[in-house]
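Welcome! Here is a short guided tour for anyone meeting this structure for the first time. Take a look at it, then read on.

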Amino acid sequence: METLLVIEDDLGIQKQLKWTFTDHEVITAGDRESAIAALRRYEPKVVTLDLGLPPDEANASEGLAALQQILELAPKTKVVVITGNDDKDNALKAIAMGAHDFYQKPIDADTLDIIVSRAFFVANIEHENDRLKQSSLDDNGFIGNSPQVQQVSRMVDRIAPTEITTLLLGESGTGKEVLARAIHERGPRAGKPFIAINCASIPETLLESELFGFERGAFTGAHKQTKGKIECAHGGTLFLDEIGDMPYPLQAKILRFLQEKIIERLGGRQEIAVDVKVVCATHQNLQGMVSEKSFREDLFYRISEVTINIPPLRERGEDILLLSRAFLQSFAQQFGRKLTGFTEEARAALMAHNWPGNIRELQNKIKSAVIMAEGKQISDLDLMLMPATEESSLRQMPLNLKQVREAAEKHAINRALTMADGNMSKTAELLGVTRPTLYSLMDKYGMEKPS
Ligand SMILES: Nc1ncnc2c1ncn2[C@@H]1O[C@H](COP(=O)(O)OP(=O)(O)OP(=O)(O)O)[C@@H](O)[C@H]1O
């Protein structure tokens, strides 16, 4: 039973109201002081407040003061103000101060019951909304309510305060970097540097100097002493993304850094002590690579003190719509579009899609849909997802997987180019690939590049 606080100095009306609200636990208070004490003690979601309280029963000053105090102490409380039958001015004043509703005497039990029930309804919806917001979106912009992701989030909470080295495993675009950042932000190193480096995107020859830095003259072009990413992360966290792409010879050096917390810059002789927490990630099967001897076993054990498996988006059920709504909101704001949500067909299409590119793919799809949508809601057509059930389009498609992939890639590149007005950086961003990857894909398919 929910608690209703009735603030009323007339004992007869107090009794009447107790009889009226039989569905609630009614607490009564006859003046401001006892009302505030009851508010603190019972934290009611809804309060009825007679504005004519002692010592100023004939006026509303004491009642309005009580209202102000209630809203200061518990701003979410729904206060239904009860006034004399010709006291509309004070009723409106109370609404302007933040009261939820007002009711003019004489009291009609049924009407007041409806008003109070409605106030509880609104209070409960707001409460639920706050709860969802809190559980689905934390300070790091990490969205997810599905049990799988909540479990991952709990693991992050446990890892964050420790110095343990974590390995994040998950398909591309599942949010490995977002989680690495959460491990950093939720721990004592928050506020210190978070440095991410993608071992796959840096040529083998440059990776070592990127990570360890170099002394002046260490190699041709080394004009001045330069700190590497590891040193830059001192005091904070280093995120080694795609650790599976770390060249074998460099793996020994990384192992030494992890074990001894000491590095040497290229061309340098001085040992530099570094205090860095390390998070690694990969979409590759590291254990398989260890068996094939392309990844050092000792390094594998060193980086996987704790392993977190991040589920692919297609297994995250309700999160697909949760993330879609969040991306819709942020892109609509970014592009100044007034969109209210998704049509039912669009929601069904989002749920039915397989999301091979995971959250990054979802983000890109929603972004282009926000730009393209003509109606107030995003439709399934705006999303341009291939409907799984549409046989006709399936029949027209080649069956050879390589051809299917190439046709889909070409189609996506063309669409992104159009959306980005031929700007290659923007096109690459829309497609979720790097510029060099975009160039090489376009070369592969003999596509003309915009001048
Ligand atoms: N839980 C989440 N809530 C909100 N946005 C997310 C979440 N997870 C990922 N994203 C967004 O999805 C995109 C991809 O995430 P991220 O770069 O972390 O994935 P990744 O697994 O590291 O990808 P890759 O392996 O390709 O580097 C980013 O734009 C990120 O902001």
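## A walk through the model

Pro-55 sits in the loop that links S3 with helix H3 (61-73). The peptide bond leading into Pro-55 from Pro-54 is cis, with omega near 10°. Please keep in mind that this is a predicted model.

A second cis peptide bond runs from Lys-105 to Pro-106, where omega is about 5°. Pro-106 belongs to the loop between strand S5 (101-104) and helix H5 (109-136). These bonds deserve a glance because most peptide bonds are trans.

Now for the whole chain. The protein chain has 451 residues, and 30% of them count as buried. Its secondary structure comprises 20 helices and 16 strands. Among contacts with a separation of 6 or more, 66% are between residues 24 or more positions apart.

Let us return to strand S3, which covers residues 46-50 and holds Asp-50. An unreviewed UniProt entry places the feature "modified residue: 4-aspartylphosphate" at Asp-50. Is Asp-50 buried or exposed? Asp-50 counts as buried because 26 other C-beta atoms lie within 10 Å, and the cut-off for buried is 20 or more. Beyond its neighbours within four places in sequence, Asp-50 is in contact with Ile-7, Glu-8, Asp-9, Gly-63 and Ile-82.

Two residues stand out for their backbone angles. Most residues other than glycine have a negative phi, but Glu-43 has a positive phi of about 45°, and the phi of Lys-261 is also positive, near 55°. The table shows where each one lies and how it is surrounded.

| Residue | Phi | Loop | Other C-beta atoms within 10 Å |
|---|---|---|---|
| Glu-43 | about 45° | between helix H2 (32-42) and S3 | 13, partly exposed |
| Lys-261 | near 55° | between helix H10 (248-260) and strand S11 (262-263) | 14, partly exposed |

Our last stop is a pair of helices. Helix H18 (residues 401-419) packs against helix H19 (residues 424-431) at an angle of about 130°, and their axes are 8 Å apart. That angle makes H18 oblique to H19. The crossing of the two, H18 and H19, is right-handed. Which residues of H18 and H19 meet? From H18 come Ala-412, Ile-413, Ala-416, Leu-417 and Met-419, and from H19 come Thr-427, Leu-430 and Leu-431. The residues in this contact of H18 with H19 divide into 7 nonpolar and 1 polar, with no charged residue.

Conventions. Residues are numbered from 1 along each chain as its sequence is written. This is a predicted model: local features need pLDDT of at least 70, side-chain atom pairs count only at pLDDT 80 or more; totals for chains, interfaces and linings use all residues. UniProt positions are given in the numbering used here, feature names are shortened, and annotations may be inferred rather than shown by experiment. Helices (H or I, at least four residues) and strands (E, at least two) are DSSP runs, numbered from the N terminus. A residue is buried if 20 or more other C-beta atoms lie within 10 Å of its own, exposed if 12 or fewer, and partly exposed in between; C-beta atoms are placed from the backbone. Two residues are in contact if their C-beta atoms, placed from the backbone, lie within 7 Å. Axes are lines fitted to C-alpha atoms, for helices over the stretch in contact, and angles run from 0 to 180 degrees between N-to-C directions. Angles under 35 degrees count as roughly parallel, over 145 as roughly antiparallel, 65 to 115 as roughly perpendicular and the rest as oblique. A crossing is left-handed if the near helix is turned anticlockwise from the far one by less than a right angle, and right-handed if clockwise. Ala, Val, Leu, Ile, Met, Phe, Trp, Tyr, Cys and Pro count as nonpolar, Asp, Glu, Lys and Arg as charged, and the others, Gly among them, as polar.
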